[in-house]
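Welcome! Please take a moment to look over the sequence and the model shown here before reading on.

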Amino acid sequence: MDAHSEISRAIDSYREIVTGLSHEIHEHPELKFEEHFASDLLARAVRELGLKVETGVGGLKTAFRAEFGQGDGPTVAILAEYDALPNGHSCGHNLICGAALTAAAGLAAMRDNLPGRIVLLGTPAEEGGGGKIILLDKGVLEGVDAAMMAHPYDSEYSSIPALATQHLRISFHGRAAHAAAGPWDGASALSAVIQTFQSVDAARLHLRDMSRVHGIITNGGQAVNIIPELTQCEFLARATTSSYAAEIAARIVRCAEAAAAATGVRVEHQVIGGYKNMVNNRTMGAVYESHSEALGTPTHAAPPGMPTGSTDMGDVSHAIPSIHPLFQISDTGTGNCHEDTFVKYADSKRGYAAMIRVAKAMAMTAYDLIAQPELLKEAKAEFETNQGG
Ligand SMILES: [Zn+2]
Ligand SMILES: [Zn+2]
């Protein structure tokens with residue numbers, strides 16, 4: 001039997017186990033950095049495959065890492081996300097970790113004959129925590145030649161044009177006063193935050209296509225009868241490149257400074273995080289596409305202008321050749337990531353069937369990358385060219 005058939009057979013025999021695991025994770029949604037149930041369950045499943053698991057890697061309690069294969073040949077990492085949002089698994093990360101675990105199970109079945117090494121990496125806190133950035137900084141991905149993961153969506157694509165972000169926190173310090181008996185003695189931090197949002201909305205017109213700015217007021221004042229002395233807000237600036245996201249963030253800060261000057265309050269800001277844009281490796285993407293098509297689901301690169309979010313896989317893609325295909329679990333336009341309706345698609349027959357299929361395509365792609373040195377060389381050459389450009 002050839003390697004691809006062997007992978008496919010091993011995955012088919014794992015289907016029931018992983019569907020159960022993925023469903024259990026769906027039923028126990030956990031927020032970023034608190035994914036103890038999911039990471040314990042996944043680590044146990046990896047041990048049951050006969051693999052060694054290191055937990056708490058990179059100083060993150062809910063991260064884990066398993067490595068297997070032969071020699072010191074090429075190493076491909078398959079990444080698993082498992083955090084949820086306040087409305088449950090509305091981003092379907094239970095299917096992401098299910099697909100990653102399944103791909104690892106398929107490759108582990110032939111661990112004694114693998115011409116290289118596979119890393120299964122559990123990456124916490126994609127939803128705003130940047131778990132992968134922490135793991136990258138801590139060197140957990142050192143020695144890895146290529147990385148991949150797959151994300152559920154309402155369409156099928158072999159890539160994602162994910163945007164870069166800058167996450168800003170802005171605080172205004174005013175002067176409290178009795179709002180009726182002596183408002184002239186106060187300086188309103190609320191007026192400053194309101195004016196900031198109005199100025200940002202006016203600046204929006206001048207932003208380049210595909211940019212996004214969205215914010216919330218996290219502290220709007222202390223009491224209705226006191227002139228607010230402290231207010232706070234957060235903004236996410238998104239763009240196709242990190243440098244333009246930073247430019248937008250600087251513009252937001254100028255809006256805040258102008259509002260503070262006009263209202264006589266003091267302003268301070270911090271950049272509290274940010275993701276890089278996704279660089280989709282086309283060499284790896286083409287291999288994934290060929291396997292996906294052979295498995296009955298043709299797929300192609302997402303159109304460049306397709307509306308999308310952001311991911312900490314973007315940061316990985318700037319460090320290592322990477323892919324982040326999207327797999328369809330709902331009819332196009334009927335439900336989108338982060339919406340309540342997506343929660344049920346992430347726990348559907350269709351979702352689990354797609355999870356198994358993309359696990360096969362990822363495992364076969366990973367196998368090809370370690371079995372064909374020329375292919376990995378090409379992926380790396382493309383990566384270098386992208387870095388230069
Ligand atoms: Zn999400
Ligand atoms: Zn997601």
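How far apart are the zinc ion (ligand 2) and the zinc ion (ligand 1), and which residue coordinates both? This is a predicted model, and in it the two ions lie 3.1 Å from each other, with Cys 91 coordinating both.

Let's stay with the zinc ion (ligand 2). Its protein donors are Cys 91 through SG, His 93 through NE2 and His 151 through NE2, at 2.0 to 2.3 Å from the ion. Along the sequence, these donor residues follow the spacing C-x1-H-x57-H. The pair His 93 and His 151 links distant parts of the chain, 58 residues apart: His 93 belongs to helix α3 (residues 93-108), while His 151 belongs to strand β6 (residues 151-153).

Now for another place to visit, Gly 122. This residue sits in strand β4, which covers residues 117-122. Leaving aside residues up to four places away in sequence, Gly 122 touches Ala 63, Phe 64, Ala 80, Tyr 82 and Leu 135. Gly 122 and Ala 354 are separated by 232 residues in sequence, and their C-alpha atoms are 20 Å apart in space.

Are the two histidines and Gly 122 buried or exposed? The table gives the values.

| Residue | Relative accessibility | Class |
|---|---|---|
| His 93 | 0% | buried |
| His 151 | 8% | buried |
| Gly 122 | 0% | buried |

Buried here means under 20% relative accessible area, so His 151, at 8%, counts as buried.

Methods. Residues are numbered from 1 along each chain as its sequence is written. Chains are lettered from A and ligands numbered from 1 in the order in which they are written. This is a predicted model: local features need pLDDT of at least 70, side-chain atom pairs count only at pLDDT 80 or more; totals for chains, interfaces and linings use all residues. Side-chain values use heavy atoms; hydrogens and water are left out. Helices (H or I, at least four residues) and strands (E, at least two) are DSSP runs, numbered from the N terminus. Buried means under 20% relative accessible area, exposed over 50%, partly exposed in between (1.4 Å probe, protein chains only). Contact means heavy atoms within 4.5 Å. Donors are N, O and S atoms within 2.8 Å of the metal (3.2 Å for Na, K and Ca); water is not among the atoms, so sites may look incomplete.
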